[in-house]
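I opened a new page for this protein and set out to look things up one at a time. The notes below are in the order I made them.

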Amino acid sequence: AKEIDDFTFVLFLDQDSLLKKGMISIYNEHYKKLKNQYKIAVLGVSNTQKLYNDYIKVNQIISSGTFTPLAVFQDIGYFDEDLFIDFVEYDWCWRAKAKGYEIFSIRECRLLTHMHGDGKVNILGTSMVKPSNVRLYYQYRNLLTLLKRSYVPLKWKISMALKMLLKIPIYIFILKDKQATLKHIFRGFSDSFLKKGGKYID
C-alpha cells in the first residue's frame with residue numbers, strides 16, 4: 001500500500017495498551033542484533049518476570065505491543081479475518097513458524113496497561129477473566145476452527161481444548177444470563193462447523 005511505502009516496521013497496539021517508555025528503541029536494538037541469526041517474524045512483550053536472558057523464543061505471542069517487519073507479511077500473509085477476533089495473532093505466529101520464522105519475547109519490553117474481558121472474578125482462590133458472551137462465541141468458534149489446521153501445535157490443541165471445555169460450567173456459574181452464555185458458546189461451535197467466520201452477527 002502506498003501509505004506505508006516509507007515505513008519498515010509496524011507496531012500493533014490494542015486501544016487499552018500503554019507502552020513502557022523507550023520500547024521502540026529497545027525493539028530496534030534487538031532486531032539489529034538478531035536479524036543476522038534468525039528469520040524474524042515478530043518481537044513482542046514479555047509477560048513474565050522470570051526471563052533470565054534478554055529474549056526468549058516462543059511459539060506464539062499476543063499482538064498488542066508487537067514490533068513486526070512489514071516485509072514478512074508478503075511471505076506469511078496477513079491476519080486471517082475469518083478468525084475475528086480471538087486467537088488471530090496465534091494463528092499468524094504458527095503460520096510464520098511453519099515457514100521457518102522465529103518469534104521473540106523481549107525481557108525489557110512490557111505493556112503497562114492491557115485489559116481483558118469484562119473484569120475478573122475469583123474462583124476458589126484463582127483469578128479468572130470474565131468474558132462477554134460475544135467474546136465467548138469468538139473463542140469457541142475459533143478454537144474449533146484452529147483444531148482442524150495442521151500447522152497449529154498439537155500441544156496447544158490438546159491443552160486449550162481441555163481448558164475451554166472445563167471452563168463451560170464455570171462460565172455458566174459466574175455469568176448472569178446462563179441461557180445467553182450457552183447460546184453463544186454453542187453458536188460458536190455451530191458456525192465453525194458451517195465454516196462461518198468474521199464478525200458476529202446476531
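What follows is a set of short entries on the fold, one helix, the charged pairs, the cysteines, a tyrosine and a surface patch.

**Entry 1. The whole chain**

I note before anything else that this is a predicted model. I counted the secondary structure and got six helices and nine strands. Next I looked up how much of the chain is covered: of the 202 residues in the protein, 43% are buried. The accessible surface comes to about 12,300 Å². Carbon and sulfur atoms account for 56% of that surface.

I also checked how far along the chain the contacts reach. I took contacts between residues at least 6 apart in sequence, and 75% of these join residues at least 24 apart.

**Entry 2. Helix α3**

I turned to helix α3, which covers residues 88-98. How many of its eleven residues are buried? I found nine, so I wrote the helix down as mostly covered, given that buried means under 20% relative accessible area. The buried ones are Val88, Glu89, Tyr90, Asp91, Trp92, Cys93, Trp94, Arg95 and Ala96.

I then asked what the buried residues of α3 pack against. My list has three helices, α2, α4 and α5, and three strands, β3 (40-45), β5 (66-69) and β6 (102-106). After the helix comes Gly100, and I noted that its phi is positive, near 90°.

**Entry 3. Glu89, a charge without a partner**

Glu89 is in helix α3, and I looked for its salt bridge. Glu89 has none, although it is buried. The nearest side chain of opposite charge is that of Arg135, 7.1 Å away. A salt bridge needs a nitrogen and an oxygen within 4 Å, so I did not count this pair.

What does Glu89 touch, leaving out residues up to four places away in sequence? I found Ile61, Ile62, Ser63 and Phe79.

**Entry 4. Salt bridges**

I reminded myself that side chains of opposite charge can pair when their charged atoms come close. A search of the whole structure gave ten salt bridges. I looked at three of them in detail.

One is between Asp80 and Arg149, with 3.0 Å from N to O. Asp80 lies in the loop between α2 (72-76) and α3, and Arg149 lies in the loop between α4 (133-147) and α5, so this pair ties together parts that are 69 residues apart in sequence. I checked the cover of this pair, and both Asp80 and Arg149 are buried.

Another is between Asp91 and Arg95, at 3.1 Å from N to O. Both residues lie in helix α3, four residues apart, which is about one turn of the helix. Asp91 and Arg95 are both buried.

I also looked at Glu102 and Lys97, whose side chains meet at 3.2 Å from N to O. Buried or exposed? Glu102 is buried, because its relative accessible area is 16%. Lys97 is partly exposed, because its relative accessibility is 28%. I then followed shared partners and found that salt bridges join Asp80, Asp91, Arg95 and Arg149 into one network.

**Entry 5. Cysteines**

I searched for disulfides. A disulfide is a covalent bond between the sulfur atoms of two cysteines. The count came to zero. I still looked up the cover of two cysteines. Cys93 is buried, because its relative accessibility is 2%. Cys109 is buried as well, because its relative accessibility is 0%.

**Entry 6. Tyr138**

Tyr138 lies in helix α4. I wrote Tyr138 down as buried because its relative accessible area is 6%. Which residues does Tyr138 touch, not counting those up to four places away in sequence? I listed Phe84, Ile85, Asp86, Gly198, Lys199 and Tyr200.

I also checked Tyr138 against Ser192, which is 54 residues apart from it along the chain. Their C-alpha atoms are separated by 9.7 Å.

**Entry 7. A nonpolar patch**

Last, I looked at the surface. Leu154, Ile158 and Leu162 form a nonpolar patch there. Together these residues have about 310 Å² of accessible area. Leu154 is in helix α5, which covers residues 154-174. I marked Leu154 as exposed because its relative accessible area is 59%.

Notes:
Residues are numbered from 1 along each chain as its sequence is written. This is a predicted model: local features need pLDDT of at least 70, side-chain atom pairs count only at pLDDT 80 or more; totals for chains, interfaces and linings use all residues. Side-chain values use heavy atoms; hydrogens and water are left out. Patches are made of residues with over 30% relative accessible area and no salt bridge: like charges are joined within 9 Å, nonpolar side chains (Val, Leu, Ile, Met, Phe, Trp, Tyr) within 5 Å. Accessible areas come from the Shrake-Rupley method with a 1.4 Å probe; for residues, only the protein chains shown count as cover. Helices (H or I, at least four residues) and strands (E, at least two) are DSSP runs, numbered from the N terminus. Buried means under 20% relative accessible area, exposed over 50%, partly exposed in between (1.4 Å probe, protein chains only). Lys and Arg count as positive and Asp and Glu as negative; His and the chain ends are not counted. Contact means heavy atoms within 4.5 Å. A disulfide is a pair of cysteine sulfur atoms within 2.5 Å.
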